[in-house]
Amino acid sequence: MFNHEGEESSARQRNWRLLAVDDDADQRQLVATAFGKSPTIDVVPVADGETALATASHDPPDVVLVDLSIPGMGGLGLLQKLKLVVPRVPIVVITPNADGRAAVEAIRLGAYQFLTKPVNPQELLVIVKRALERTELLIELESLDRKSVV
């Protein structure tokens, strides 16, 4: 879990997987650098939607970053497919411009959050950590539900 300052607490044992989908190698590097100092967040960078889907199917991530402008199926198409493959995983959508319609559509399709480029690394860290806290709470709730059934 994370403390109130957004730093990871020492009680955490789990490594989180962040799937970063962007056809721009510089953006993938920015994400890897932003999370490079985190011992509990492993960044898995991929350049296209097909690879992202295969990766998510084989080894589900805990959070996904998706650039809306990826070639092929596009970011919204990938978002829809990821929601079928890993429905509970928070997906943060990133776009190169402040297109309000795209933001509304992404949220309607199940995106956790929406950011515009250039992405502020500190803002990205906060959003991803909040998404992971949400995921951790859902995992704890499911565990409690299973215990109460037994």
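**A predicted chain of helices and strands**

From the N terminus on, the elements of the chain in this predicted model run β-α-β-α-β-α-β-α-β-α.

Trainee: How many helices and how many strands are there in the chain?

Mentor: The order of elements from the N terminus is β-α-β-α-β-α-β-α-β-α. Counting each kind in the chain gives five helices and five strands.

Trainee: What is the radius of gyration of the chain, and how does it compare with the globule rule?

Mentor: For 150 residues the globule rule gives 15 Å, and the value for the chain is close to this, so the chain is as compact as a globular protein of that length. Along its principal axes, the C-alpha trace spans about 45 × 35 × 30 Å. The radius of gyration itself is 15 Å.

Trainee: Which percentage of the contacts with a separation of 6 or more is between residues 24 or more positions apart?

Mentor: A contact requires heavy atoms within 4.5 Å. One pair that is far apart in sequence is Val44 and Ala20, which are separated by 24 residues but lie 6.0 Å apart in space, C-alpha to C-alpha. Among the chain's contacts with a separation of 6 or more, the share from residues 24 or more positions apart is 67%.

Trainee: Which residues touch the most other members of the largest nonpolar core?

Mentor: In soluble globular proteins, nonpolar side chains tend to be buried together. Here the largest nonpolar core holds 24 residues. At least two of its residues come from each of β1 (16-21), β2 (41-46), α2 (49-58), β3 (63-67), α3 (74-85), β4 (91-95) and α4 (100-108). The residues that touch the most other members are Leu19, Val21, Val64, Leu78, Leu82 and Val93.

Trainee: How many residues does the second, separate core have?

Mentor: This second core stands apart from the largest one, and its members include Leu18, Ala20, Val119 and Leu132. Its number of residues is 19.

Trainee: Which residues does Leu78 touch, not counting residues up to four places away in sequence?

Mentor: Leu78 is one of the residues that touch the most other members of the largest nonpolar core. With residues up to four places away in sequence left out, Leu78 touches Val21, Gly49, Ala52, Leu53, Val66, Ile70 and Met73.

Trainee: Does Val44 count as buried or exposed?

Mentor: Val44 is placed in strand β2. Leaving out residues up to four places away in sequence, Val44 touches Arg17, Leu18, Leu19, Ala20 and Thr55. Its relative accessibility is 19%, and the cut-off is under 20%. Val44 therefore counts as buried.

Notes. Residues numbered from 1 in each chain as written. Predicted model: local features only at pLDDT ≥ 70, side-chain atom pairs only at ≥ 80, totals over all residues. Heavy atoms only, no water. Helix = DSSP H or I, 4+ residues; strand = E, 2+ residues; numbered from the N terminus. Rg over C-alpha atoms; globule rule 2.2 N^0.38 Å. Core = buried A, V, L, I, M, F, W, Y, C linked by side-chain atoms within 4.5 Å. Buried < 20%, exposed > 50% of the residue type's maximum accessible area, 1.4 Å probe, protein only.
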